[in-house]
Amino acid sequence: MPARATSLDLPWLAMDEPAFAADPFPHFAAARAQHPWLARSPFGYVINDYAAIRDFFRMEERLDNGYDSVVALMKAKGTAWGRFQESHMLSANGAAHKRVRDILAPAFTPRQANAHRGLMREVIAGLLDEWAPKRAFDFEEFASWFPITVMCRLLGASPEAIPALRDSLEALGLSTAMDPSLLPRLDAATEIADAYCHQLMADRRAGKRLSEEQDLLDMLLAAQDAGGLSDRELADILIFLFVAGYDTSKNILTLIMYELIGRPEMHARCAADIDYCRKVIDENFRYRSTAAAIRVAGEEIVYRDVAIEPGAMLWFPINVIGRDPRACDDPDRFDPDRPRQFSPIPFSLGAHICLGQYIARAQIEEGLHLMTQRMVNMRSPGPLAWRPFGGVWGIRGLPVEFEVA
Ligand code: HEM
């Protein structure tokens, strides 16, 4: 007879507290000492074991996506933000999800991502030309312009709207922070992003374009013409693409630079060798990544003799689970040259595995390679603060100083 999770004396992870976000690792380790794979948190159960997370993703058909629960928790039903959370592709399941994923998939293959490397290099070089002469700035802010500019270029969108859109994406990165006081900001941000995406579609339909080259927006509009998508769905896809690629890529770049500061030999190797950048990125995905995954138990789930009740929120901390000592030797050492015994899962697993993972990897590789070439001897007093652990986690403000190479 399995034990009911509700009656177990499980460890508590205070994931909503700033001190937790600043250093979650001792808390996860202490929780594992009390229970090998399950903990409780303000956001539901936490699966605190790398192997167990993989097992849960194998039972995906028994899990629902958690965004309706997030909207309910935020008391946001009927708001612009609530509507978007309940309708974006990460909320959709089964055939409805597959339909959208199949439309997008051809534009997100490894080959397509590699074809965009020249554009990515151009964007980062332009940003470095503008920012590097300052020789001191907030690295997080600098990094934030990179993914949003790349996404605008992929969609053939004018760069003029980037500052306003960037503010919205900053807010929307806090969507899973489960803090109802953020709702007015989230709502306003959704409305700005929505108006922007509708305008983008209307302009292109009216023949306004920056270049004659076919781009991602042309492909999506063609899918719409083929009867695949409504205006509402297309706008939601566009908003989601901006949101999904923004905070995640920016936070990863900032976390990587944080690790390279004080390790000049790694910094120099990244500047010299893009293959080494790949190793650093992979090690960073294991060591400390940004997004977690959430689901809801669609039915009772019995796992390792514990019964989890239907409707329970499940939190998969894929952003920190690379430190699980049962999955990786000496997990607290940052070592890009470590033998590849561990497969990081920062992009999640299963049907919703990050569609943009190849674009994300390509832009982080190209960004890291060029940034380390142009900015050397980087110093920092450390992060100003950490972003809420429940949102797209990462560093909030990383002041840096450096010399221009
Ligand atoms: C380092 C950067 C990134 C990380 C760590 C990341 C992480 C994730 C994760 C964890 C999920 C799935 C969550 C789940 O299973 O619930 C996801 C989904 C998704 N991501 Fe990313 N992402 C990144 C960059 C990007 C970029 C650059 C794009 C777009 C160009 C993108 C587009 C998407 C999309 C469309 C989905 C939804 C897939 C679906 O529901 O089928 N991501 N991402």
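Ala, Val, Leu, Ile, Met, Phe, Trp, Tyr, Cys and Pro count as nonpolar, Asp, Glu, Lys and Arg as charged, and the others, Gly among them, as polar. This is a predicted model: local features need pLDDT of at least 70, side-chain atom pairs count only at pLDDT 80 or more, and totals for chains, interfaces and linings use all residues. Residues are numbered from 1 along each chain as its sequence is written.

**Exercise 1. Describe the shell around the ligand by class, then by helix.**

Step 1. Sort the shell by class: 14 residues are nonpolar, 8 are polar and 1 is charged.

Step 2. Pick out the nearest. Of the 23 residues around the ligand, these are Gly245, Thr248, Ser348, Cys354 and Gly356. A residue is near a molecule if its C-beta atom, placed from the backbone, lies within 6 Å of it.

Step 3. Assign helices. Helices (H or I, at least four residues) and strands (E, at least two) are DSSP runs, numbered from the N terminus. At least two shell residues come from each of α13 (231–260) and α16 (357–374). The top contributor is α13, with 7 residues.

**Exercise 2. Characterise the packing of α8 on α16.**

Step 1. Recall the two descriptors: the angle between the axes and the distance between the axes.

Step 2. Apply them. The axes of α8 (residues 117–131) and α16 come within 9 Å and cross at roughly 35°. Axes are lines fitted to C-alpha atoms, for helices over the stretch in contact, and angles run from 0 to 180 degrees between N-to-C directions.

Step 3. Give the hand. The crossing is right-handed, meaning that the near helix is turned clockwise from the far one by less than a right angle.

Step 4. List the residues. On the α8 side they are Arg117, Met120, Arg121, Ile124, Ala125 and Leu128. They meet Ala362, Gln363, Glu366, Gly367, Leu370, Met371 and Arg374 in α16. By class, this contact holds 7 nonpolar, 2 polar and 4 charged residues.

**Exercise 3. Is His97 buried or exposed, and which residues is it in contact with?**

Step 1. Locate His97: helix α6 (residues 94–104).

Step 2. Count neighbours. His97 has 16 other C-beta atoms within 10 Å, so it is partly exposed. The cut-offs: buried at 20 or more, exposed at 12 or fewer, partly exposed in between, with C-beta atoms placed from the backbone.

Step 3. Set aside neighbours within four places in sequence. His97 is then in contact with Met89, Ala92 and Ala351. Contact requires C-beta atoms, placed from the backbone, within 7 Å.

**Exercise 4. Trace the pairing of β2, β3 and β9.**

Step 1. Recall that strands of a sheet pair through backbone hydrogen bonds, either parallel or antiparallel. Here two strands pair if DSSP finds at least two bridges between them.

Step 2. Take β2 (residues 38–41) and β3 (residues 44–47). They pair in the antiparallel sense over 4 bridges. A hairpin joins them through 2 residues.

Step 3. Match partners. Ala39 has Val46 as its bridge partner in β3, and Arg40 has Tyr45.

Step 4. Add β9 (residues 313–316). β3 pairs with β9 in the parallel sense over 2 bridges. Val46 stands opposite Trp315 in β9.

Step 5. Orient β2. Leu38 and Arg40 point one way, Ala39 and Ser41 the other way, and all are buried.

How values were computed: Contact = placed C-beta atoms within 7 Å.
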